[in-house]
Amino acid sequence: MSQQLAELHDRECTFGSAPLKSAEIDRKNLKPDWKITVVDRPEELVALAKRLNTLPEFSVDTETWGPPGVRLDEHLCLIQIGVPKMNKRKVVEGEGEVFLIDVVALTESAQRESAKKGKEINPLTPLKKPFEN
């Protein structure tokens, strides 16, 4: 997990009306209790994209950030994809998996690969097809 994503994860958040550190949240009492998978390597993103191509539905949320004095949506840093558990093409309520796509780590990896190959690489290209469908 990239350092920036780790810092976002450790910041205070609000759950209900009380501020909590994410580590203090009792995940066992939260529903739904979905499996969480961090995707921070290109091959993991390719595998996820292949899986998404086979699904009838999934949900997407994004997180952005910006340095002080700049719009907060200046940089995409995280994509969250929720994949509900399916049983005979019907959603099983309260069960599934969440994929946290660390865009910062993938971008850093793509920049290193771009420098080696001498051409720009978009780290999110594998998501193009599932998002078009």
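**A tour of the sheet and its neighbours**

Select strand 5 (75-87) and strand 6 (residues 90-102). Nine bridges join strand 5 to strand 6, and the two run antiparallel. Strands here are DSSP runs of E with at least two residues, helices are runs of H or I with at least four, and both are numbered from the N terminus. Two strands pair if DSSP finds at least two bridges between them.

This is a predicted model, in which local features need pLDDT of at least 70, side-chain atom pairs count only at pLDDT 80 or more, and totals for chains, interfaces and linings use all residues. Residues are numbered from 1 along each chain as its sequence is written, and side-chain values use heavy atoms, leaving out hydrogens and water.

Stay with this strand pair. Strand 5 and strand 6 form a hairpin with two residues between them. Click Lys88 in the turn: its phi is positive, about 55°. Next, pick Gln80, which stands opposite Leu100 in strand 6.

Keep Leu100 selected and add Val38. Leu100 is the bridge partner of Val38 in strand 6. Strand 3 and strand 6 pair in the parallel sense, over five bridges.

Now go to strand 4. Strand 4 and strand 5 are antiparallel, paired over seven bridges. Select Glu63 to find its bridge partner in strand 5, Leu78.

Show the four strands together. They make an open sheet in the order 3-6-5-4, with mixed pairing. Strand 3 (35-39) and strand 4 (59-65) are the edges, each pairing on one side only. The twist averages 25° from one strand to the next.

Add the helices. Helix 2 (residues 42-53) lies across strand 3, strand 5 and strand 6, at about 155° to strand 6. Helix 3 (residues 103-117) also lies across strand 3, strand 5 and strand 6, but runs at about 45° to strand 6. Axes are lines fitted to C-alpha atoms, for helices over the stretch in contact, and angles run from 0 to 180 degrees between N-to-C directions. Contact means heavy atoms within 4.5 Å.

Last stop: the aromatic rings. A search of the whole structure finds one aromatic pair. The ring centres of Phe58 and Phe131 are 6.0 Å apart and their planes are at 35°, so the pair is tilted. Rings of Phe, Tyr and Trp (its six-membered ring) pair if their centres lie within 6.5 Å; planes under 30 degrees apart count as stacked, over 60 as edge-to-face and the rest as tilted. Phe58 sits in the loop between helix 2 and strand 4, and Phe131 in helix 4 (residues 128-132), 73 residues apart.
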